[in-house]
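Me: Could you take a close look at one part of this model for me? I would like to hear about the salt bridges.

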Amino acid sequence: AAAAAAAAAMEQLLSEANLVVAVIDTKLLQAKVQARDRSAVHVQREADSERRLRFLVQDLGLAEERLSVRAAEAEAARQRCMEGDMALAERDERLRVAEDRLQAGGEC
């Protein structure tokens with residue numbers, strides 16, 4: 001009877017130990033899944049960051065192109081202003097000469 005009771009107790013302990021091992025295995029599997037999920041989230045965030053960086057680089061390239069076009073337009077406008085200033089200076093000189101002639105003719 002004592003041997004049967006000891007065997008039953010051993011089976012009970014073995015059953016409890018198997019249950020503890022099953023709980024530990026479940027928790028380990030859950031931890032692995034969580035780690036994999038966190039890794040997947042990290043990989044996704046990294047991919048999103050790389051994609052955003054590529055878009056920013058593209059935007060920067062487009063902005064540089066627009067800036068180059070604007071600089072060329074500004075240079076062309078500056079040239080037109082300089083040409084306009086020279087034309088105005090020439091016109092002012094012609095007006096001054098004409099006024100001088102008129103005054104000289106009026107004094108005679």
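How exposed or buried is Glu75, going by its relative accessibility?

Reply: Happy to help! This is a predicted model, in which local features need pLDDT of at least 70 and side-chain atom pairs count only at pLDDT 80 or more, while totals for chains, interfaces and linings use all residues. Residues are numbered from 1 along each chain as its sequence is written, and side-chain values use heavy atoms, with hydrogens and water left out.

Glu75 counts as partly exposed, at 33% relative accessibility; buried means under 20% relative accessible area, exposed over 50%, and partly exposed in between (1.4 Å probe, protein chains only). Its partner in a salt bridge is Arg78, with the closest N and O atoms 2.7 Å apart. A salt bridge here is a side-chain nitrogen of Lys or Arg within 4 Å of a carboxyl oxygen of Asp or Glu, and five are counted by this rule. Arg78 is partly exposed too, at 41%. Both Glu75 and Arg78 sit in helix α1, three residues apart, about one turn of the helix. Helices (H or I, at least four residues) and strands (E, at least two) are DSSP runs, numbered from the N terminus.

Helix α1 covers residues 2–107 and also holds Asp48 and Arg51, three residues apart. Their side chains meet in a salt bridge at 2.3 Å, N to O. Asp48 has a relative accessible area of 22%, and Arg51 has 35%.

Further along, Glu93 and Arg96 form another salt bridge, at 2.5 Å between the closest N and O atoms. Glu93, Arg96 and Asp100 are linked in a network of salt bridges.
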